[in-house]
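This report covers nonpolar cores and one helix packing in a predicted model. The sequence and structure come first.

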Amino acid sequence: MQLVTSDGELIQRAATGDRSAFEDLYHRYARPVFGLALRRLGDRGRAEDAVQETFASIWRSAGSYKPDRGPGAPWLYAVARNAIVDRARARSEMPADIPDEAAPGPGPGERAEQSWVAWRVHRALEELPEREREVLALAYWSGLSQSEVAQFLGIPLGTVKTRTRAALAKLSEILGDDVE
Amino acid sequence: MSRFEDLVDRNGLSGEDEARLRRVHELLVQAGPPPDLPPALERPPSAPSVASAPSDDDAEILQFPLLPRRRWPIVAVAAALVALVVFGGGYLTGHSKKKASSFETTFVVPMSGHNSVAFLRVAARDSAGNAPMELEVNNLPTQKKKTDYYELWLTRDGKAIAPCGSFRVNQRNTTVRLSVPYDFKRFEGWVVTKQTAAHPAPGPVVMST
């Protein structure tokens, strides 16, 4: 699936003061940015502020985006991550009592990889038609079985399976190299 | 979480196509659900800082709303008089010498608490948009534990919103350098909170504008 306008083009247009391009970027990325901020900051209020700060930064610094250095998504990710990390860093505890041993769980590299995957997937979900996105959300994250999803939506079970498969196929196209 | 086999009708899928769908399935599982956007974020920001086109003015000092630039000498003098009453005559003379340093103050924010005062001097923003600040605190109690500290915040609607830096005091008069990138127009005032390991930030307010 080809996007009508690429992220990079929208960033470049936003750099010239094109408000509609900025709004398109917002609708594509508000949810991924909020998800990223929420995971990193663990607080909805602070995550909301981080989203506001991120898009203010995007608007201010869109002119620094260089399309020859790569597509728009990684640039937007970097801007969001910087805004979120700035907020998190300012709230961290005093370094006087840093534990000697590493904490259990994923390290910084794994966390970054997980964040990037979530960013790309959530961004791709925004491209799906509402009815397919809804089926995926119910099938993957609601805890309902396929039959229950069919009952909940009032559609045949076969339609649920068809939409699920179609949605996964579209996501595969949107995610491109990430699926290889 | 359902298995791929339960979710997808695999009839007619080639091996290659099935592998791709499986990979997408794994990515969805790994990513987890996207969050619901709160109502405040359903529309793009329309604040002046975002609604107007980018310009060179963005890096310019943004005046703290409660203290217009032309008024800062008056406020500084008034605050110094308060300090004079509280701490005695040595205060003004001691600090008039410090103003000879290279820190070029753009405006001053006086703060006060129970038996304590502070002066937050804010300098012009650098080319990256950072506003250097120098916080001079007088008579705040020293911390009881080594994990305790104070934190400076910008406030909105009476709440500490944006952290501006942490510091400790170890004597009657402590001066620290801080720097923030925030747009001061988005906030209403400043507070200093007391932070301990036992309580999440922001802690109790000990000084305010």
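## Nonpolar cores and a helix pair

In this predicted model, the largest nonpolar core has 54 residues, and Ala14(A) and Val51(A) touch the most other members. At least two residues of this core come from each of α1, α2, α3, α4, α5, α6 and α8 of chain A, and from α2 (15-31) of chain B. With nine residues, α2(A) supplies the largest share. Domain 1 (1-92 + 108-127) and domain 2 (128-180) of chain A both contribute residues, so the core lies between them.

Leaving out residues up to four places away in sequence, Val51(A) touches Ala30(A), Val33(A), Phe34(A) and Ala37(A), as well as Leu41(B) from the other chain letter. Apart from this core lies another, of 27 residues, which includes Met111(B), Val137(B), Cys164(B) and Trp190(B).

Two of the helices that supply the largest core, α6(A) and α8(A), also pack against each other, at an angle of about 100° and with axes 9 Å apart. An angle of 65 to 115 degrees counts as roughly perpendicular, and α6(A) and α8(A) are therefore roughly perpendicular to each other. The residues that meet are listed by helix below.

| Helix | Residue range | Residues in the contact |
|---|---|---|
| α6(A) | residues 130-141 | Arg131(A), Glu132(A), Val135(A), Leu136(A), Ala139(A) |
| α8(A) | residues 157-175 | Val160(A), Arg163(A), Thr164(A), Ala166(A), Ala167(A) |

By class, this contact of α6(A) with α8(A) comprises six nonpolar residues, one polar residue and three charged residues.

Conventions:
Residues are numbered from 1 along each chain as its sequence is written. Chains are lettered from A and ligands numbered from 1 in the order in which they are written. This is a predicted model: local features need pLDDT of at least 70, side-chain atom pairs count only at pLDDT 80 or more; totals for chains, interfaces and linings use all residues. Axes are lines fitted to C-alpha atoms, for helices over the stretch in contact, and angles run from 0 to 180 degrees between N-to-C directions. Helices (H or I, at least four residues) and strands (E, at least two) are DSSP runs, numbered from the N terminus. Angles under 35 degrees count as roughly parallel, over 145 as roughly antiparallel, 65 to 115 as roughly perpendicular and the rest as oblique. Two residues are in contact if their C-beta atoms, placed from the backbone, lie within 7 Å. Ala, Val, Leu, Ile, Met, Phe, Trp, Tyr, Cys and Pro count as nonpolar, Asp, Glu, Lys and Arg as charged, and the others, Gly among them, as polar. A nonpolar core is a set of buried Ala, Val, Leu, Ile, Met, Phe, Trp, Tyr and Cys residues joined through C-beta atoms within 7 Å. A residue is buried if 20 or more other C-beta atoms lie within 10 Å of its own, exposed if 12 or fewer, and partly exposed in between; C-beta atoms are placed from the backbone. Domain bounds come from an automatic or database domain assignment.
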